[in-house]
Structure formats: structure tokens, C-alpha cells
Amino acid sequence: MHPAFRLALASAVLVSTLSFDALAQQKSGPQKQLVGQWSLVSFELIDAKGNKGPAVEGADPKGLLIFADNGRFSFQIISTIPKLAKDRLVTTPEENKAVAHGALSYFGTYTVNEADKTLTLKVERSSYPNQNGLELKRVIQSLTADELRYNNPARIGSTGGQNNLVWRRIK
């Protein structure tokens, strides 16, 4: 076999092996690890003065976070909201407040930056309309097969502080 041909063949094998390794890492990296359904364990707001508070008002908040393998996500946290007197299109100011303060929901696309351990959520629509069209950056504190911890070090529309969230994978 001609030396130049051997070199070309060896290079081709090396390139294909490296490409395969890169593809395997991409499929097993943090973005792939997020794929699935997550149940809320805790969501804590900390204001600029260090005071802690709930993410939504009302008793027994429940949350669901879904990351699809096509780069889409859905996030919702809803507390126990009192029943409305009539229907959802005919409400009182008090009922409106209970719903607005008792639920947070948004969806869109997501990406993960492995180098700086961030999760970016590009919001298409949110129950908090100030988030529509924004890219919300979250810092991943830890990610295991069963648990996701991240925070929002720059709360939107607030006077500072951060949000800390913990999610457990739904099996």
C-alpha cells in the first residue's frame, strides 16, 4: 500500500472516530440529560435583602417542567387556587388576583451552554407577559439522572435577588 494512501486512510478513520465521539458526547451531554419530565420539589424567591418567599401565592404549589429532545420546553407552577364563582371569562378583581398570583406558566425553546453551565429558555408565551420574547438565563447548580437544581440570579422585573429551583425527574 502506498504511504500516501495509508496516511489518507488513517486520517479518514481518525476523523470519523472523532466525529462519532463528538456526536456521542453531544447525545449524552447536559442538554440530552435534561430531556424528560420534571416535578417541582421547591421554588424559592430571595429578594435583594435576602428575604425568602414563595414563587406563587396559595397553598400546595405543584410544578411540571418538560424538556423535549427537539429543543422545546414547557414550565408551569400552579398553587391551589380558589374556584371561580362563575366561569373563567367572568371574574372579579379578587379572582383575577388569585389566578395571576397563584400560577406561572411559560413555554418556548431551550439550549444548554456546557462551558458556563447555563440553561437558556427562549420564552414564546408566558402567563407573566413581561417574559414574552425574552431569553431567560438560568445557572445549573447540579444535574443528575434524578435531580435538577438551577437558579435565576437576575429576576425579571424585580429589584434584585434570585430564584432557586429544585426539580425531581418523573419516572
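Buried here means under 20% relative accessible area, exposed means over 50%, and partly exposed covers what falls in between. With that in hand, here are some close-up views of this predicted model.

**View 1. Glu147 and Arg168 meet in a salt bridge between two strands.** The N-to-O distance for this pair is 3.5 Å. Glu147 belongs to strand 8 and Arg168 to strand 9, so you are looking at a link between distant parts of the chain, 21 residues apart. Because its relative accessible area is 18%, under the 20% limit, Glu147 counts as buried. Arg168, at 42%, is partly exposed. Follow the shared partners and you will find Arg149 as well: salt bridges join Glu147, Arg149 and Arg168 into one network.

**View 2. Asp146 and Lys171 form a salt bridge with an N-to-O distance of 2.7 Å.** Asp146 sits in the loop between strand 7 (135–143) and strand 8 (147–152), while Lys171 is found in the segment after strand 9 (162–169), so this pair ties together parts of the chain that are 25 residues apart in sequence. How do the two partners differ in accessibility, buried or exposed? Asp146 is partly exposed, with a relative accessible area of 34%, and Lys171 is exposed at 78%.

**View 3. Lys62 pairs with Asp60 in a salt bridge.** The closest N and O atoms of these side chains are 3.5 Å apart. Lys62 is exposed, with 52% relative accessibility. For Asp60 the value is 46%, which makes this residue partly exposed. If you would like to look for others, a search of the whole structure gives 6 salt bridges.

**View 4. Phe75 and Tyr106 are a stacked pair of aromatic rings.** The structure has 4 aromatic pairs in total. In this one the ring centres are 4.4 Å apart and the planes meet at 15°, so the pair is stacked. Phe75 comes from strand 4 (residues 72–80) and Tyr106 from strand 5 (residues 103–113), so the two rings tie together parts 31 residues apart in sequence. Both residues are buried: the relative accessible area is 1% for Phe75 and 3% for Tyr106.

**View 5. Phe75 also pairs with Trp167, this time edge-to-face.** Centre to centre, the rings of Phe75 and Trp167 are 5.7 Å apart, with 70° between their planes. Phe75 in strand 4 and Trp167 in strand 9 are 92 residues apart, so here too the pair links distant parts of the chain. Trp167 is buried, at 0% relative accessibility. Widen the view a little and ring pairs connect Phe73, Phe75, Tyr106 and Trp167 into a cluster.

**View 6. Residues 2–27 have pLDDT under 50 throughout.** How many contacts beyond four places in sequence does the model have for this stretch? The count is 3. Where pLDDT is low, the predicted coordinates should not be read in detail. For the chain as a whole, the average pLDDT is 84, and 81% of the residues score at least 70.

Definitions and conventions: Residues are numbered from 1 along each chain as its sequence is written. This is a predicted model: local features need pLDDT of at least 70, side-chain atom pairs count only at pLDDT 80 or more; totals for chains, interfaces and linings use all residues. Side-chain values use heavy atoms; hydrogens and water are left out. A salt bridge is a side-chain nitrogen of Lys or Arg within 4 Å of a carboxyl oxygen of Asp or Glu. Buried means under 20% relative accessible area, exposed over 50%, partly exposed in between (1.4 Å probe, protein chains only). Helices (H or I, at least four residues) and strands (E, at least two) are DSSP runs, numbered from the N terminus. pLDDT is the predictor's confidence in each residue, from 0 to 100. Contact means heavy atoms within 4.5 Å. Rings of Phe, Tyr and Trp (its six-membered ring) pair if their centres lie within 6.5 Å; planes under 30 degrees apart count as stacked, over 60 as edge-to-face and the rest as tilted.
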